[in-house]
Amino acid sequence: GVRGDGAMWAAAFGDGIDGVAVRDRMLELGVIARPIGPPTMAFCPPLVISDADLDRCGEALAAAVAAVPRS
């Protein structure tokens with residue numbers, strides 16, 4: 001699920017998805033995010049972020065989760 005308040009939000013993954021592996025793949029895609037637990041990724045973008053950049057974050061997250069192996 002995804003939860004947030006204002007510009008800060010987090011995505012919780014199902015069991016078996018490593019947040020660090022997702023973060024590493026997102027970095028390869030040019031997006032910085034922070035794993036805050038094995039199955040959770042936090043996003044704290046700058047307040048001046050554009051809608052297009054927010055879309056890019058969501059797309060990178062989806063691509064990264066799809067690409068990482070599950071345990």
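This report describes the aromatic pair, the nonpolar core, the largest pocket, the cysteines and selected positions of helix α2. The structure is a predicted model.

**Aromatic pair**

A search of the whole structure returns one aromatic pair. Its members are W9 and F43, whose rings are stacked, with 4.2 Å centre to centre and 15° between the planes. Because W9 belongs to strand β2 (residues 8-12) and F43 to strand β4 (residues 40-43), the pair ties together parts that are 34 residues apart in sequence. Both W9 and F43 are buried.

**Nonpolar core**

The largest nonpolar core comprises 16 residues. Within this core, the residues with the most contacts are F13, V22, M26, F43 and L61. Two or more residues come from each of β2, α1 (19-28), β4 and α2. Helix α2 gives the most, with five residues. F43 therefore appears in two descriptions: as a partner of W9 in the pair that joins β2 and β4, and among the core residues with the most contacts.

**Largest pocket**

The volume of the largest pocket is about 260 Å³. Its lining consists of 14 residues, and V31, I32, P45, P46 and C57 are those that lie nearest the centre. By residue class, the lining divides into ten nonpolar, one polar and three charged residues. Strand β4 and helix α2 (51-67) each supply at least two lining residues. The most is given by α2, with three residues. Helix α2 thus gives the most to the pocket lining, and α2 also gives the most to the largest nonpolar core.

**Cysteines**

How many disulfides does the structure hold? The number is zero. The sulfur of C44 has its closest cysteine sulfur in C57, and the separation of 11 Å is too far for a bond. A disulfide would need the two sulfur atoms within 2.5 Å. The surroundings of the two cysteines can also be stated: C44 counts as partly exposed, at 45% relative accessibility, whereas C57 is buried, with a relative accessible area of 12%. C57 is placed in helix α2, and C57 is also one of the residues that lie nearest the centre of the largest pocket.

**Positions in helix α2**

Three positions of this helix are described by accessibility and by a C-alpha distance to another residue. A63 is found in helix α2 and counts as partly exposed, at 35% relative accessibility. L54 likewise has its place in helix α2 and is partly exposed, with a relative accessible area of 31%. C57 has its place in helix α2 and is buried. The C-alpha separations of these residues from their partners are as follows.

| Residues | Separation in sequence | C-alpha to C-alpha distance |
|---|---|---|
| A63 and M26 | 37 residues | 8.1 Å |
| L54 and V65 | eleven residues | 17 Å |
| C57 and F43 | 14 residues | 8.7 Å |

Two of the partners recur from the core: M26 and F43 are among the core residues with the most contacts. A63 and M26 are 37 residues apart along the chain, with their C-alpha atoms separated by 8.1 Å. For C57 and F43, 14 residues apart along the chain, the C-alpha separation is 8.7 Å.

Methods
Residues are numbered from 1 along each chain as its sequence is written. This is a predicted model: local features need pLDDT of at least 70, side-chain atom pairs count only at pLDDT 80 or more; totals for chains, interfaces and linings use all residues. Side-chain values use heavy atoms; hydrogens and water are left out. Rings of Phe, Tyr and Trp (its six-membered ring) pair if their centres lie within 6.5 Å; planes under 30 degrees apart count as stacked, over 60 as edge-to-face and the rest as tilted. Helices (H or I, at least four residues) and strands (E, at least two) are DSSP runs, numbered from the N terminus. Buried means under 20% relative accessible area, exposed over 50%, partly exposed in between (1.4 Å probe, protein chains only). On a 1 Å grid over the protein atoms alone, a cavity is a set of points where a 1.4 Å probe fits but cannot get out, and a pocket is an open set with protein on both sides within 12 Å along at least five of seven lines; lining residues have an atom within 4 Å of a point. Grid points are joined across faces, edges and corners, and a volume is the space filled by probe spheres set on the points. Ala, Val, Leu, Ile, Met, Phe, Trp, Tyr, Cys and Pro count as nonpolar, Asp, Glu, Lys and Arg as charged, and the others, Gly among them, as polar. A nonpolar core is a set of buried Ala, Val, Leu, Ile, Met, Phe, Trp, Tyr and Cys residues joined through side-chain atoms within 4.5 Å.
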